[in-house]
Every structure is written in structure tokens, then in C-alpha cells.
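Below are some notes on the structure you sent, arranged as numbered points. Please read them with the coordinates open beside you.

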Amino acid sequence: MKPVYYLPIVCLAILACHRNKYNHDASGTFESTEIIVSSEATGRIMWLEITEGDVLQLGQQVGLVDTIQLHLNRVQLEANRKSVGSRVLDIPQQIAATQEQIATQQRERERTQRLIEANAANTKQLDDIDSNIAVLQKQLAAQRESFQSSNSSVSGESAGVEAQIEAVEDRIARSRITSPIYGTVLVKYVEAGEYTTTGMPLFKIADTDNMILRAYVTNGQLSMIKVGQQVDVYADFGDDGSRVYTGTISWISDQAEFTPKTIQTKDERANLVYAVKISVANDGYLKIGMYGDVNFNFL
């Protein structure tokens, strides 16, 4: 008869353990920051080497949109750049002859000045030389201005070609399909060989190293929590039990909402609650959509 007497005690102990297991301050589901990577170019997808579940590095190239026409355009623009560059004038070389004529006239002036001092020449010869020097200097100034103007025009044309080359190179860079974050590929929307357009979704990636538990608290709990507060997070692994993590409250909603429909009873769904986000470092076991509970460690 002794087992009969102990049966109520055993049942009470089991019920107490059951209540303690679910005695948490809030509950919710795990999510992560998801990014839909869209095409930045229009054309046929030459290759796209990703599968759902792949872990990608930040900036890792995983595909390419056809760039043949862009490459040919760049080759043409580079040829134009060389052609324009060949028209740049070497001003010192262009004006060297005029400068040499001025130097010759100045040496002749010095020689004539000495002859005049020796009464071997007249001043008219000196005046003629000065007149020639003045004409040559005006010619030199005109040449400088003309050559500089020509080079400025060529420089402007060259800058325009350079800008076009940079634009083409930017379009080529945007044709490379890369990962914007370190994360896991969740969904792949297209395959290699398909035609894509700018803005068309290619794949979805999520940062699964840093998970977020979205939970809900009542108005009474709201006054006892704050952003930056550390809490205990319990991940529900079903029959395998739960695992405890340290989380940090990263966001608290400033607007009340009705309890989400995932709550089982109508009475609980009718209550107004506030959403909170709790950041949790993932050790690899946490998955998107997994249920979790949280204790806020109220003092």
C-alpha cells in the first residue's frame, strides 16, 4: 500500500516542475536581420554559385551579369582617351623658336648699344631692334595664350572621356554579384542563364551569427526593463529541452499592440503588449523561427 500513499506526492512534484519550466517573463520567436540582394545590372546571369544554406563572407563575389558590351564600350573609350591625349601641345617646345628669336634680337641690341657708345652705329638701328623685340614678345604672348587655350579644350574633352570610363567601370563593378554581409543564404530566387533587370531579387541572406528574440511584455513589466539590460534567454529545443543564453535588450517599442495570434488563448490575444527585441549571440544552434523564452531578472 505504500506506493499508493506516495503517488499524490510524486504527481505534485511533476506538476511543480512543469510549472517552473514555463515560468518565464515573456516568450517569442528568434529572427535575424534579413537582406534581399537585388541585381544592380540588366542582362543575362553568366554564373551564380550559391545554394541555400551557404555561408558567405562580406564582399564575396558569387555571380556575374553579362559585361561583354560594357567591356567593348570601355575599350572604345580608352582608345578615345589616347587620341585626345595625343593632341596635347608641348607649349615650351612650341614657343622655343620665338623665344630663340627674341634672345637673338636681345644679343644684337647689346652689340648695337656698344657700337653706339663707340660712335660706330646710329640710334635708328637700336630703335629697329627694339621694335623687332616688341613684335616678337607680342607674338610669344599670343602663342602662349593660343596653345594654353587649345590644351584647356583638350583637357576638358579628356576629363569627359575619363568620366565616361569611370561610369562604365562602375557599371561593370555593379555587374558583379556580391554578398553585402557575412551571413547564410536563406532563399535563392534565380539561376545562372536567366535574364535579370536592375532591382530584381537574386537571393536572400541573413546574419545568423547575431539572432534577435522578438518577445512581448505587459504594461506592468514595461516599467522594469530598459535598453541595454542583460537578460536570460531560453531557447526551446523541443524534446531536447532548452539552452540558456545571455541576451541584451536592444529595442523596446513605444506603442502598444494586441498580443500576436501565435498566443494560444483568445483572452491572452486580447491583451495589449509591447514588443521588445533581445540580441543574442548565436552559437550555431539557434535557428530562425525557433521559440524562445526570457527572464528579465527583475530586482
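1. Helices and strands are taken here as DSSP runs, a helix having at least four residues and a strand at least two, and both are numbered from the N terminus. On that footing Gln 229 sits in the loop that runs between helix H6 (219-222) and strand S11 (230-236). The model is a predicted one, and the points below should be read with that in mind.

2. As to the overall make-up, the protein contains seven helices and 15 strands. Of its 299 residues, 29% count as buried, and the accessible surface amounts to about 19000 Å², with 51% of that area belonging to carbon and sulfur atoms. Among contacts between residues at least 6 apart in sequence, 75% join residues that are at least 24 apart.

3. Does the length of helix H5 agree or disagree with what its residue count would lead one to expect? The helix covers residues 123-174, which is 52 residues, and at 1.5 Å a residue it should span 76 Å; the C-alpha atoms at its ends are 76 Å apart, so the two values agree. At the N-terminal end of H5, Asn 122 acts as a cap, with a side-chain oxygen placed 3.2 Å from the backbone nitrogen of Lys 124.

4. The buried residues of H5 include Leu 126, Ile 129, Ile 133, Leu 136 and Leu 140, together with Phe 147, Asn 151, Val 154, Val 161, Ile 165, Val 168 and Ile 172. Their cover includes helix H2 (68-85), helix H3 (91-94), helix H4 (96-117) and strand S6 (176-178). Ser 146, which also lies in H5, is by contrast partly exposed, because its relative accessible area is 42% and that class lies between the 20% and 50% limits. The C-alpha atom of Ser 146 is separated by 9.7 Å from that of Ile 91, although the two residues are 55 apart along the chain.

5. Thr 67 deserves a look alongside H5, since one of the residues it touches, Ile 172, is among the buried residues of that helix. Thr 67 is found in the loop between strand S5 (61-65) and H2, and with a relative accessibility of 18% it counts as buried. Leaving aside residues up to four places away in sequence, Thr 67 touches Ile 172 and Ser 175.

6. Which backbone atom does the side chain of Gln 229 reach? The partner is the backbone oxygen of Phe 296, at 2.9 Å. Gln 229 is buried, with a relative accessible area of 14%, and, not counting residues up to four places away in sequence, the residues it touches are Met 224, Gly 247, Thr 248, Ile 249 and Phe 296. Phe 296 therefore appears both as a contact of Gln 229 and as the residue supplying that backbone oxygen.

7. A search of the whole structure finds 11 salt bridges, and side chains of opposite charge can pair when their charged atoms come close. Within helix H4, Glu 108 and Arg 111 are three residues apart, about one turn of the helix, and they form a salt bridge whose closest N and O atoms are 2.5 Å apart. Both partners are partly exposed, Glu 108 with a relative accessible area of 28% and Arg 111 with 39%.

8. A salt bridge within H5 joins Asp 170 and Arg 174, with 2.9 Å between the closest N and O atoms; here the partners are four residues apart, again about one turn of the helix. Asp 170 is partly exposed at 37%, as is Arg 174 at 38%. An α-helix has 3.6 residues a turn, so residues three or four places apart point the same way.

9. The side chains of Glu 191 and Lys 188 also meet in a salt bridge, at 3.1 Å from N to O. Is each partner buried or partly exposed? Glu 191 is partly exposed, with a relative accessible area of 42%, whereas Lys 188, at 19%, counts as buried. Elsewhere, salt bridges that share partners join Glu 40, Asp 170 and Arg 174 into one network.

10. On the surface, Val 55, Leu 58 and Tyr 182 form a nonpolar patch, with about 300 Å² of accessible area together. Tyr 182 is placed in the loop between S6 and strand S7 (183-188), and at 34% relative accessibility it counts as partly exposed.

How values were computed. Residues are numbered from 1 along each chain as its sequence is written. This is a predicted model: local features need pLDDT of at least 70, side-chain atom pairs count only at pLDDT 80 or more; totals for chains, interfaces and linings use all residues. Side-chain values use heavy atoms; hydrogens and water are left out. The expected span of a helix is 1.5 Å times one less than its number of residues. Buried means under 20% relative accessible area, exposed over 50%, partly exposed in between (1.4 Å probe, protein chains only). Contact means heavy atoms within 4.5 Å. A polar contact is a pair of N or O atoms within 3.5 Å; within protein, one must be able to donate a hydrogen and the other to accept it, and residues adjacent in sequence count only if both atoms are side-chain atoms. Patches are made of residues with over 30% relative accessible area and no salt bridge: like charges are joined within 9 Å, nonpolar side chains (Val, Leu, Ile, Met, Phe, Trp, Tyr) within 5 Å. Accessible areas come from the Shrake-Rupley method with a 1.4 Å probe; for residues, only the protein chains shown count as cover.
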